[in-house]
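Here's a quick walk through how this model is put together. Have a look at the structure first, then read on.

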Amino acid sequence: MPPKAANAAVNHLRNKSRASISTACVVSTSSSTVESGLRIVGAHTDSPGFRIRPNGATVSDGLARLGVEIYGGPILATFTDRDLSLAGRISFLDDGKHLTHQLVRFNQPLLRLPNLAIHMNRGVNEDGLKLHKQNELPLLFAQLTAGQLPKPYFLELLAQASGIDATRILSWDLAVYDTQKGALWGANQEFYADSQIDNLASCHAALQALLNDAVLNSAESTLVCAFFDHEEIGSESHIGAGGSFLADVLQRINAAASTEREDSARALAHSFLISADMAHAYQPNFPAAYDADHRVFVNQGPVIKSNANRRYSSESVSIAHFIRWCEEAGVPHQRYTHRSDLPCGSTIGPIASAKLGIRSVDVGCPMWAMHSIRESAGVQDHDYMIRVLERFFSD
Ligand code: CO
């Protein structure tokens, strides 16, 4: 049987809103923040994929399509032949002419990107599936009759899904999501698969650790889970890790504990950030993609990520702290660096750490197929991550 926490994670991933347009802080405050500082776990809520263009609905030969922009760096080919749908946020005027915002989700499969048959794309298995980003990504969503116009037709669909009169809708942000539920897989159900594991799995692990009663009762520090939007596009937004959101929240927490400016600086100096984001697990079909000495494996524990050019925030002191928390929690750990001939990804770690002036380490559970619409990872690792974050929060 998989650990309970992993089941909870899968359920969480099944039930998530999929809208991915949120930034949030969850905080447990302590009266001794000045001396013991803040224990922060940072992660991101967004995932790469498609966003619907404002005037995206078009029709040709009776087939209505939605034009999309690419958000971040998805593996485009994985979006073909999936049961896709839409989720996001609508802004509208309510009965009293107040500006109002509401989340919306189409629950049924609404969209599809059908592949070209192999008979018309004979080289697909030799050359790979290449999709033209402008011409070949619009998503099919309806078959219209001669008198039906695509834009009002789509607006009416939006009105039905949201319960908001079409004439009141002013604007929206809509993301494409995969309606297929998460699943455990493997001979012993030791793996799980879903969309958006990067990085909702880390968000879930952090929240599980923070909400543990034993952690809350024993913690001497102020505990913070900081979840950011826009990591996949560089974090530069008012709600991204490059914005002032987290610094503002921490400043207000510190101001509530003490009005002395010096106390706030002391609290920050005693603080620590764990930047939790997923890592690249070894896939034995592609051995050349990895540095041979830094392969990390699913179900063998959290990964500490290092990069000499500080694409990750880890350095020897923060790494040593994390290793100690792992050992105290009875959790194994692994070390990862990216191949030097491949560009390394990054996380919110270096950005948030630099903005706050707080020491940080970049860690994450190993996973396969990062940025595919169907990612997978190890069940045991999720439990390991929760346990080491609980230890961190209790320190
Ligand atoms: Co990520």
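## Two domains

The C-alpha centres of domain 1 and domain 2 sit 32 Å apart. Domain 1 covers 3–47 + 195–394 and domain 2 covers 49–178, with bounds that come from an automatic or database domain assignment.

Before going further: this is a predicted model, where local features need pLDDT of at least 70, side-chain atom pairs count only at pLDDT 80 or more, and totals for chains, interfaces and linings use all residues. Residues are numbered from 1 along each chain as its sequence is written, and side-chain values use heavy atoms, with hydrogens and water left out.

## Where the domains meet

In this model, 17 residues of domain 1 are in contact with 18 of domain 2 (heavy atoms within 4.5 Å). About 1,400 Å² is buried between them, 59% of it from carbon and sulfur atoms; that's the accessible area (1.4 Å probe) the two parts lose on being put together, summed over both.

## The cobalt site

The cobalt ion gets its protein donors from His44 (NE2), Asp198 (OD) and Asp277 (OD), with Asp277 (OD) listed twice, at 2.0 to 2.7 Å. Donors here are N, O and S atoms within 2.8 Å of the metal (3.2 Å for Na, K and Ca); water is not among the atoms, so sites may look incomplete. Along the chain, the donor spacing reads H-x153-D-x78-D.

Why is the arrangement irregular? The four donor atoms around the cobalt ion subtend angles of 51 to 136°, whereas four donors count as tetrahedral if all angles lie between 85 and 135 degrees, and as square planar if opposite donors are over 155 degrees apart and all others between 65 and 115.

Notes
Tetrahedral: all angles 85-135°; square planar, octahedral: opposite > 155°, others 65-115°.
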